[in-house]
Amino acid sequence: MQECQFCEIASRSKESEILYETESAISFLDHRPVSKGHTLIVSKKHFENLFDVDQDTLCEVMKMAKLISIKINTLYNPTGINLIQNSGEQAGQTVFHFHVHVIPRYDDDYNKRLGIEAQKRVRSTNLDLKLTANELRLALRN
Ligand code: 5GP
Ligand code: ZN
């Protein structure tokens, strides 16, 4: 199989700001965040997309998406949160390992699509990612 960056993150062979993990799912900060706290919830096992992920893993990923959303909501008080799952290239999928985006919204940008915003996004500094991850990890302990 071709190298998969999310398999590498799950096995810790690639660096990322991991927030939380269970037996079958792991969450870490998106390195090109749409907004502060933008998190990816990923299956630990490699599934390509929504169509081949098994039900138990899907439930685990969605439960984690809710947990992370609650923590982000309390910590950053966004005006809303989007859960986005892209399956297939035409749907905007760029990493072909099953994942769900948790994207907090802070103003009136709710109707902007991830694809449009993706073009404007800039790579966060490692320090910015570290600070955000530390805040969220602390929140996840409570
Ligand atoms: P998709 O477009 O497939 O739904 O989303 C893939 C997401 O993964 C993108 O938002 C992209 O910024 C993020 N991403 C891609 N490679 C990496 C990586 O190596 N590390 C982290 N933290 N995020 C990544
Ligand atoms: Zn993978």
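This is a short tour of a predicted model, one selection at a time.

Before we start, residues are numbered from 1 along each chain as its sequence is written, while chains are lettered from A and ligands numbered from 1 in the order in which they are written. Because this is a predicted model, local features need pLDDT of at least 70 and side-chain atom pairs count only at pLDDT 80 or more, whereas totals for chains, interfaces and linings use all residues; side-chain values use heavy atoms, with hydrogens and water left out.

**Stop 1: the zinc ion**

Select ligand 2, the zinc ion, and show the side chains that coordinate it: Cys 4 (SG), Cys 7 (SG), His 46 (ND1) and His 97 (ND1), at 2.1 to 2.3 Å. Donors here are N, O and S atoms within 2.8 Å of the metal (3.2 Å for Na, K and Ca), and sites may look incomplete because water is not among the atoms. The angles among the four donor atoms are 103 to 120°, and the site is tetrahedral; four donors earn that word if all angles lie between 85 and 135 degrees. Along the sequence, the donor residues follow the spacing C-x2-C-x38-H-x50-H.

Now colour the two histidines. They link distant parts of the chain, 51 residues apart: His 46 sits in the loop between strand S3 (39–43) and helix H2 (55–76), and His 97 in the loop between strand S4 (80–84) and strand S5 (99–105). Helices (H or I, at least four residues) and strands (E, at least two) are DSSP runs, numbered from the N terminus. Is His 97 buried or exposed? His 97 counts as buried, at 0% relative accessibility, while His 46 counts as partly exposed, at 28%. Buried means under 20% relative accessible area, exposed over 50%, and partly exposed in between (1.4 Å probe, protein chains only).

**Stop 2: the nonpolar cores**

In soluble globular proteins, nonpolar side chains tend to be buried together. A nonpolar core is a set of buried Ala, Val, Leu, Ile, Met, Phe, Trp, Tyr and Cys residues joined through side-chain atoms within 4.5 Å. Select Leu 19, Ile 41 and Ile 68, which touch the most other members of the largest core, a group of 19 residues. Strand S2 (25–29), H2, S5 and helix H4 (126–141) each give two or more residues to this core, and the largest share, six residues, comes from H2. A second, separate core of ten residues includes Phe 6, Ala 10, Leu 40 and Val 95.

**Stop 3: two helices that meet**

Show H2 and H4 as ribbons. They pack at an angle of about 110°, with their axes 10 Å apart. Axes are lines fitted to C-alpha atoms, for helices over the stretch in contact, and angles run from 0 to 180 degrees between N-to-C directions. Among the residues making the contact (heavy atoms within 4.5 Å) are Leu 67 and Ile 68 of H2 and Leu 136 and Leu 140 of H4.

**Stop 4: Arg 137**

Stay on helix H4 and pick Arg 137, which counts as partly exposed at 25% relative accessibility. Which residues does Arg 137 contact, leaving aside neighbours within four places in sequence? They are Glu 17, Ile 18 and Leu 19. Measure from Arg 137 to Tyr 20: they are 117 residues apart in sequence and 7.4 Å apart in space, C-alpha to C-alpha.

**Stop 5: two loop residues**

Finish with Asn 77, in the loop between H2 and S4. Its phi is near 50°, a positive value in a residue other than glycine. Asn 77 counts as exposed, at 61% relative accessibility. Arg 12, in the loop between helix H1 (5–10) and strand S1 (18–21), has a positive phi too, near 65°.

Technical notes: Tetrahedral: all angles 85-135°; square planar, octahedral: opposite > 155°, others 65-115°.
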